[in-house]
Number of protein chains: 6
Amino acid sequence: MGRLSHLDAEGRARMVDVSDKAASAREAVAEGFVRMSKETRVLAFSGQAKKGEVIATAELAGVMAAKKTADLIPLCHPLPLSSIHVAVEPADHGLRVVARVKTTAQTGVEMEALTAASLACLTLFDMLKAAEKGMVIEGLRVLEKSGGRSGDWTA
Amino acid sequence: MGRLSHLDAEGRARMVDVSDKAASAREAVAEGFVRMSKETRVLAFSGQAKKGEVIATAELAGVMAAKKTADLIPLCHPLPLSSIHVAVEPADHGLRVVARVKTTAQTGVEMEALTAASLACLTLFDMLKAAEKGMVIEGLRVLEKSGGRSGDWTA
Amino acid sequence: MGRLSHLDAEGRARMVDVSDKAASAREAVAEGFVRMSKETRVLAFSGQAKKGEVIATAELAGVMAAKKTADLIPLCHPLPLSSIHVAVEPADHGLRVVARVKTTAQTGVEMEALTAASLACLTLFDMLKAAEKGMVIEGLRVLEKSGGRSGDWTA
Amino acid sequence: MGRLSHLDAEGRARMVDVSDKAASAREAVAEGFVRMSKETRVLAFSGQAKKGEVIATAELAGVMAAKKTADLIPLCHPLPLSSIHVAVEPADHGLRVVARVKTTAQTGVEMEALTAASLACLTLFDMLKAAEKGMVIEGLRVLEKSGGRSGDWTA
Amino acid sequence: MGRLSHLDAEGRARMVDVSDKAASAREAVAEGFVRMSKETRVLAFSGQAKKGEVIATAELAGVMAAKKTADLIPLCHPLPLSSIHVAVEPADHGLRVVARVKTTAQTGVEMEALTAASLACLTLFDMLKAAEKGMVIEGLRVLEKSGGRSGDWTA
Amino acid sequence: MGRLSHLDAEGRARMVDVSDKAASAREAVAEGFVRMSKETRVLAFSGQAKKGEVIATAELAGVMAAKKTADLIPLCHPLPLSSIHVAVEPADHGLRVVARVKTTAQTGVEMEALTAASLACLTLFDMLKAAEKGMVIEGLRVLEKSGGRSGDWTA
């Protein structure tokens with residue numbers, strides 16, 4: 001089948017060899033949700049957090065995490081990211097995170113977008129857990145990617 | 001309300017001051033799921049991955065990520081972890097990750113367990129995405145914690 | 001003279017051996033300034049930055065940098081920090097950063113406080129440099145320290 | 001005004017999108033000073049430090065810090081640096097650090113040069129603080145930059 | 001003589017300036033050995049390690065270490081690696097590690113290959129030291145390099 | 001046999017659980033050699049390196065690497081090191097590195113000492129490779145350890 005590119009012919013984990021691929025513009029968008037009570041969500045935007053610190057902290061954590069992706073995911077390539085944008089917004093049952101990442105490189109940035117969204121969700125969890133321990137992170141996935149040999153893709 | 005301990009009186013983000021708390025034994029367990037097709041799940045355990053590399057790589061990524069928690073979550077305290085155990089196992093609609101972390105410290109390890117589970121899920125995603133781009137990470141949450149002033153808690 | 005504790009008998013750089021010292025509560029406060037035009041300072045707090053993002057980003061960068069001190073200053077000991085608080089406030093000729101760090105450890109946290117203040121200043125510089133390239137970071141110093149064998153000290 | 005490029009239209013912190021800019025040769029020079037007593041400055045170059053360890057350690061810390069800039073300054077781009085040079089030399093009231101950094105990239109290296117100079121200053125502080133706690137880091141600024149769309153600039 | 005390119009005209013350590021060199025395809029292979037008793041070697045592949053975890057963990061540690069080379073070796077350039085492959089195999093008196101690294105960059109990847117091999121050896125040591133404390137890491141060297149101005153080279 | 005403590009009952013890699021062990025004073029010493037021609041060794045100490053920069057850089061790299069051990073070796077515990085000392089000295093066929101590390105912790109520091117010695121060797125290699133590509137790192141091992149339940153040990 002040969003479909004798991006992170007394994008070599010002997011089934012050994014490896015970083016995929018992209019040395020023969022041309023660098024091209026690539027982009028990926030990922031999203032994730034933190035499900036919480038209405039009360040906790042209000043708190044995240046409430047007077048107590050009058051400077052929007054909960055939201056701002058999570059967005060920054062997402063941006064910084066995208067830059068650490070190759071350090072966190074064992075077989076990811078280190079990439080020179082040209083844009084990272086992370087936004088936290090209210091959603092039906094809690095908060096939604098959207099992360100968009102761009103590069104010009106030999107491989108794509110889906111994992112960077114997912115890592116940014118994931119760490120923004122975890123940071124929201126950390127900052128709100130004093131109010132609600134039972135929150136759940138849900139629906140973390142790639143929404144779309146563009147560029148590269150495999151072309152565009154939308155969830 | 002005073003419920004968001006990560007904000008000071010002026011609504012400014014801060015690391016919670018735990019300098020007056022005694023160090024005590026603490027433990028936390030977190031879980032997460034990667035939802036995927038039956039075909040992809042088979043692939044993760046199949047002959048191609050004959051050395052269990054997909055599973056082993058994700059488990060290691062989880063262990064290593066737990067040690068980076070304070071570097072990833074802006075307001076987390078750096079803690080001396082005494083045990084980290086991450087296990088990936090088959091689940092109904094994909095794979096389940098369970099992460100258990102222990103410390104003797106002035107604050108708990110819920111975020112360390114969540115970070116371990118989260119990065120193990122992301123690593124599974126990375127290693128299987130060549131087979132299925134539409135996987136979704138779900139149900140990432142704390143299952144239980146013990147120790148510390150706030151006592152034991154189970155989801 | 002024996003006054004440079006970071007050099008051994010042969011003049012070789014070393015981490016000071018604190019293995020015989022008892023852990024005790026320690027605290028340090030450092031400050032720093034970013035000198036800028038009145039116009040730039042207004043911008044930092046202005047409507048454009050309506051969520052206080054410039055200030056919030058710098059404060060978080062300071063908190064996160066304190067946790068990286070041992071990774072940045074070659075001969076610093078890795079310490080389990082129990083509290084980090086960084087505040088940016090208006091000053092006569094720009095912005096003032098104050099960083100306060102606590103630990104219970106075998107050595108003090110002056111360098112952690114200075115590193116936090118320093119990186120908060122650098123982050124303010126980064127976020128405001130599009131408006132004014134000629135800003136200057138000034139007056140970065142330890143204001144006070146307490147705890148440890150050498151006792152309390154105030155600038 | 002639109003002058004703070006690190007904020008998006010909603011005032012949210014973001015990494016500036018440089019994906020449409022061409023990579024070009026860029027260079028930046030920064031300086032900083034550690035103000036200290038004449039006695040302490042003598043110590044830094046004295047027989048006790050007979051191998052120049054104080055100076056050498058600070059220079060290396062500066063070089064290594066430049067490579068960590070994107071990890072320290074939340075909205076900095078990760079860049080492939082092609083040259084880093086840090087020199088510590090005697091100055092009127094203490095020691096002067098000069099850091100020069102080069103890259104071929106889509107954005108400039110002012111923050112890398114400033115970070116190198118800043119951490120070299122902090123390391124000098126660390127190594128000399130046993131002799132003088134009241135040292136002050138002063139005059140940390142960009143001296144010149146060249147390359148890129150905004151062209152050359154000198155302080 | 002001018003043969004130590006990491007020292008400037010004043011004998012000061014520096015990162016070599018490669019800003020005038022063109023990026024080109026480069027590759028390096030390094031090897032290392034962990035000498036151990038036959039009994040310990042058997043253990044590494046035995047039923048107890050039925051999932052090949054000792055070997056798999058060491059290979060991953062090597063891959064991840066290659067990505068940290070510039071963070072570990074003070075004067076190394078940060079490089080965008082396009083391929084990393086690490087294999088552990090039985091050898092006459094223990095285990096052999098072979099690491100192969102590729103990049104398209106202004107400088108070579110010998111140090112990345114050596115760092116990968118070195119950390120894979122250290123990880124084998126860590127995982128087997130409960131069985132044998134007296135293991136020795138031997139024969140860590142560059143086997144071959146290709147690309148760049150200095151051309152190909154074989155040990 | 002149960003001799004590989006890094007594998008759980010199912011053969012899965014794990015960080016050893018030390019949560020029930022008492023913290024105690026521990027120390028480890030490791031050594032390593034870089035075998036090189038006499039000519040290269042002379043160069044390392046020669047007039048060109050008049051400030052001892054080759055040696056000083058390698059010693060510092062060793063000290064800094066010891067602090068990164070838990071980040072490099074997947075199953076190592078993060079430990080609060082109380083002393084790190086690395087010395088490079090001439091040896092029969094090149095240079096010898098000796099690294100000594102101390103902690104008060106629930107587990108030992110053999111891997112920290114080995115990592116320090118290993119990275120000091122790699123840094124010597126990096127700084128001298130312009131003169132001699134064929135150097136070999138040899139004899140990297142633990143010389144002695146003390147403290148902890150398993151008691152003292154000497155090679």
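Helix axes here are lines fitted to C-alpha atoms over the stretch in contact, and the angle between two of them runs from 0 to 180 degrees between N-to-C directions. With that in hand, we can start inside a single chain of this predicted model. In chain B, helix 2 packs against helix 4 (residues 110–128) at an angle of about 145 degrees, and the two axes are 7 Å apart. The crossing of this pair is right-handed.

Which residues of helix 2 of chain B meet helix 4 of chain B? From helix 2 come Val54(B), Thr57(B), Ala58(B), Glu59(B), Ala61(B), Gly62(B), Val63(B), Ala65(B) and Ala66(B). Facing them in helix 4 are residues including Glu112(B), Thr115(B), Ala116(B), Leu119(B), Ala120(B), Leu124(B) and Leu128(B). Sorted by class, the contact between these two helices of chain B holds 13 nonpolar, 4 polar and 2 charged residues.

For the layout of a whole chain, let us turn to chain A. Chain A is built from 4 helices and 5 strands. Reading from the N terminus, its elements follow the order β-α-α-α-β-β-α-β-β. The C-alpha trace of chain A spans about 55 × 30 × 25 Å along its principal axes.

Now we can look at how helices of separate chains meet. Helix 2 (residues 53–66) of chain A and helix 2 (residues 53–66) of chain C have axes that come within 10 Å and cross at roughly 60 degrees. These two helices are therefore oblique to each other. Helix 2 of chain A passes helix 2 of chain C in a right-handed crossing. On the chain A side the contact is made by Glu53(A), Ala56(A), Thr57(A) and Leu60(A), and on the chain C side by Glu53(C), Ala56(C), Thr57(C) and Leu60(C). By class, this contact has 4 nonpolar, 2 polar and 2 charged residues.

Chains B and E offer another helix pair to follow. Here helix 2 (residues 53–66) of chain B packs on helix 2 (residues 53–66) of chain E at an angle of about 60 degrees, with the axes 10 Å apart. Helix 2 of chain B and helix 2 of chain E are therefore oblique to each other, and their crossing is right-handed. Glu53(B), Ala56(B), Thr57(B) and Leu60(B) meet Glu53(E), Ala56(E), Thr57(E) and Leu60(E). The residues of this contact divide into 4 nonpolar, 2 polar and 2 charged. Thr57(B) is a residue to pick out on your screen, since Thr57(B) is listed both in the contact with helix 2 of chain E and in the contact with helix 4 of chain B.

Next comes the meeting of chains C and D. How many residues of chain D are in contact with chain C? The answer is 50 residues of chain D, which touch 50 residues of chain C. On the chain D side, the elements that give two or more residues are helix 2 (53–66), helix 4 (110–128) and strand 4 (136–146). Helix 4 of chain D supplies the largest share, with 11 residues. By class, this side of chain D has 29 nonpolar, 10 polar and 11 charged residues.

Strands join in as well. Strand 4 (residues 136–146) of chain C pairs with strand 4 of chain D in the antiparallel sense, over 2 bridges. Within this pairing, Leu140(C) stands opposite Ile137(D).

What relates these chains to one another? Two copies of a chain are related by a rotation about an axis and a shift along it. Chain D is superposed on chain C by a rotation of 180 degrees with 0.0 Å of shift along the axis, and the RMSD is 0.0 Å. The two copies are thus related as by a two-fold rotation axis. The same surface serves both copies, as 100% of the contact residues of chain D recur in chain C. Glu138(D) is the residue of chain D that comes closest to the rotation axis, with its C-alpha at 2.2 Å.

Chain D also touches chain F. Here 6 residues of chain D are in contact with 6 residues of chain F. The chain D side of this contact divides into 2 nonpolar, 2 polar and 2 charged residues. A rotation of 180 degrees, with 0.0 Å of shift along its axis, superposes chain D on chain F with an RMSD of 0.0 Å. These copies meet through the same surface, because 100% of the interface residues of chain D are also interface residues in chain F.

Some chains do not touch. No contact joins chain B and chain D, whose closest C-alpha atoms lie 10 Å apart. Chain A and chain F likewise have no contact, and their closest C-alpha atoms lie 10 Å apart.

Technical notes. Residues are numbered from 1 along each chain as its sequence is written. Chains are lettered from A and ligands numbered from 1 in the order in which they are written. This is a predicted model: local features need pLDDT of at least 70, side-chain atom pairs count only at pLDDT 80 or more; totals for chains, interfaces and linings use all residues. Two residues are in contact if their C-beta atoms, placed from the backbone, lie within 7 Å. Ala, Val, Leu, Ile, Met, Phe, Trp, Tyr, Cys and Pro count as nonpolar, Asp, Glu, Lys and Arg as charged, and the others, Gly among them, as polar. Copies are superposed by least squares on the C-alpha atoms of residues with pLDDT of at least 70 in both. Angles under 35 degrees count as roughly parallel, over 145 as roughly antiparallel, 65 to 115 as roughly perpendicular and the rest as oblique. A crossing is left-handed if the near helix is turned anticlockwise from the far one by less than a right angle, and right-handed if clockwise. Two strands pair if DSSP finds at least two bridges between them.
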